[in-house]
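Please open the model in your viewer with the backbone drawn as a cartoon, and keep the side chains hidden until a stop on the tour calls for them.

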Amino acid sequence: MSVTLAPAALERVQRYLVESPDAIGLRFGVSRTGCSGWQYKADLTREQHDGDTVFEQEGVRIYVDALSLPLVDGTQIDLVKQRLGEQFLFRNPNVTAECGCGESFTTKADAA
């Protein structure tokens with residue numbers, strides 16, 4: 001099992017952590033929402049929760065809760081620049097469909 005950061009995302013998360021010295025890493029997971037079922041959540045975290053799986057990459061810790069782990073296993077988080085902004089892009093091998101607006105997705109587990 002793994003969740004990884006592409007080089008651009010790794011660099012950005014490292015900068016976020018420098019700017020927020022009380023944060024211990026990146027919390028990554030999913031929540032139920034939208035027309036397809038799941039939406040990604042990514043934010044800095046200041047604590048580890050019971051049941052978290054922790055991945056570490058070049059000093060950056062990624063915390064994933066037990067519910068989210070099977071749905072995001074194998075995901076690579078990247079950072080893309082668009083016009084004047086940037087946003088995280090999630091390359092998740094478990095996704096089988098996404099809603100038209102791009103807000104939510106369905107996984108292989110949902111189809112079973």
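The tour below goes through a sheet, its hairpin, a second loop and a threonine in another strand.

Please bear in mind throughout that this is a predicted model.

**Stop one: the sheet.** Begin by selecting strand 1 (residues 4-5) and strand 6 (residues 76-82), which run parallel and are joined by two bridges; within this pairing, threonine 4 stands opposite glutamine 76. Now add strand 7 (residues 85-91), which pairs with strand 6 in the antiparallel sense over seven bridges. With these selected you have an open sheet of three strands in the order 1-6-7, with mixed pairing. Strand 1 and strand 7 stand at the edges, and because each has a single partner strand, one side of each is left without a neighbour in the sheet. Next select helix 1 (residues 7-19), which packs on this sheet and touches strand 1, strand 6 and strand 7, its direction making about 85 degrees with that of strand 6.

**Stop two: along the antiparallel pair.** Show the side chains of isoleucine 77 and phenylalanine 90, the latter being the bridge partner of the former in strand 7. Then move to lysine 81, whose bridge partner in strand 7 is glutamate 86.

**Stop three: the hairpin.** Which residue takes a positive phi in the hairpin of strand 6 and strand 7? Select arginine 83, where phi is near 55 degrees in a hairpin that has two residues between the strands; the positive value occurs although arginine 83 is not a glycine. Is arginine 83 buried or exposed? Its relative accessible area is 87%, and since a value over 50% counts as exposed, arginine 83 is placed in that class.

**Stop four: another loop.** Go to glutamate 58, in the loop between strand 4 (53-57) and strand 5 (60-64). Glutamate 58, which is not a glycine, has a positive phi of about 45 degrees, and the residue is exposed, with a relative accessible area of 65%.

**Stop five: a buried threonine.** Finally, select threonine 45, which lies in strand 3 (residues 37-45). Threonine 45 has a relative accessible area of 6%, and is therefore buried, the cut-off being under 20%. Leaving aside residues up to four places away in sequence, display what threonine 45 touches: Ala23, Ile24, Gly25, Leu26, Arg27 and Tyr63. As a last step, draw a C-alpha to C-alpha distance from threonine 45 to glycine 59, which is 14 residues apart from it in sequence and 15 Å apart in space.

Conventions:
Residues numbered from 1 in each chain as written. Predicted model: local features only at pLDDT ≥ 70, side-chain atom pairs only at ≥ 80, totals over all residues. Heavy atoms only, no water. Pairing = 2+ DSSP bridges. Helix = DSSP H or I, 4+ residues; strand = E, 2+ residues; numbered from the N terminus. Buried < 20%, exposed > 50% of the residue type's maximum accessible area, 1.4 Å probe, protein only. Contact = heavy atoms within 4.5 Å. Axes fitted to C-alpha atoms, helices over the stretch in contact; angles between N-to-C directions.
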